[in-house]
Amino acid sequence: MTGIDRLISTSLSHIIKETLTYDDLKVLERKLFFDHGMSIKLSIEHFDKFTRVLKNIPNIDIKKFESDCINKVINIKKLDANYSIQIIEPKLIELILELFGDLETRKIFTCIFENELTIPQILNEAKIPKTSGYRKIENLILNGLILESGRVLSESKRISKYRCVFDKIIIKIEKNNVVIQGIISKKIFDKSSCIKIPE
């Protein structure tokens, strides 16, 4: 489980690329590829490797750079037992709105808020066709909105269980503004390698 790393990886990699100078970006991309076989986007899910390679760029305050980039994508607040994640980056907001605009996708989410189900269980509970359902679930996994949460034994083979990265999603549409806030459990938050508990 990668916490919310995959969810923010595309947006965060774009911000990193826009923030670095051309020469620094080339050094970072080259070192990530040759040392770890990774793109910037993939390294977001293995953030210790990203940080290690970033040390090769002189005159950069690593902690500040990483924090500033992440804060352009999400805003994190500690709640009592959980965390509130507000989506800031416009393309990530658009992606989530587009996904939630689809009825079958909303049915999938409804099944796996705070539940862990296998893909056949999700399809059965959501009452959606297998063909489109498998495709939509795969898309949600690739975009980091659904996480593998464990494995169960089924017909003598182990299959994955999944759950939503968020326990709750709040979408507010106001004049000239869209606010998307997700409530995430401490367990999932702690699995993320690129975000740290706010002080």
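Okay, a quick definition before we start: two strands count as a pair here if DSSP finds at least two bridges between them. Keep that in mind for the sheets. And a caveat: this is a predicted model.

With that definition, let's take the three-stranded sheet. What is the strand order in this open sheet? Reading across, you get β3-β5-β4, and the pairing is antiparallel. On the edges sit β3, residues 117-118, and β4, residues 146-154, each of them pairing on one side only. Now look at β4 against β5, which covers residues 157-164: these two run antiparallel and are joined by eight bridges. If you want a spot to click on, find Arg 151, which stands opposite Ser 160 of β5.

Next, the other sheet. This one is open too, with four strands in the order β1-β2-β7-β6, again with antiparallel pairing. Here the edge strands are β1, at 74-78, and β6, at 168-174, and each has a pairing on one side only. Ignoring direction, neighbouring strands in this sheet are turned against each other by 20 degrees on average. Something packs on this sheet as well: helix α6, residues 90-100, touches β2, β6 and β7, the last being 177-185. The direction of α6 makes about 80 degrees with that of β7.

Staying with the β1 end for a second, β1 and β2 (residues 82-87) run antiparallel, with five bridges joining them. One residue to look at there is Lys 77, whose bridge partner in β2 is Ser 84.

Now for a pair of helices. At what angle do α7 and α9 pack? Helix α7, residues 103-112, and helix α9, residues 130-142, pack at about 70 degrees, and their axes are 10 Å apart. That makes α7 roughly perpendicular to α9. The crossing of the two is right-handed. From α7, the contact uses Glu 104, Thr 105, Ile 108 and Phe 109; from α9 it uses Ser 132, Gly 133, Lys 136, Ile 137 and Leu 140. Sorted by class, that contact has four nonpolar, three polar and two charged residues.

Last, zooming out. The whole protein has 10 helices and seven strands. Its radius of gyration is 18 Å, close to the 16 Å the globule rule gives for 199 residues, so the protein is as compact as a globular protein of that length. Along the principal axes, the C-alpha trace spans about 55 × 50 × 30 Å.

That's my tour, so over to you.

How values were computed. Residues numbered from 1 in each chain as written. Predicted model: local features only at pLDDT ≥ 70, side-chain atom pairs only at ≥ 80, totals over all residues. Heavy atoms only, no water. Axes fitted to C-alpha atoms, helices over the stretch in contact; angles between N-to-C directions. Parallel < 35°, antiparallel > 145°, perpendicular 65-115°, else oblique. Left-handed = near helix turned anticlockwise from the far one by under 90°. Contact = heavy atoms within 4.5 Å. Nonpolar A, V, L, I, M, F, W, Y, C, P; charged D, E, K, R; others polar. Rg over C-alpha atoms; globule rule 2.2 N^0.38 Å.
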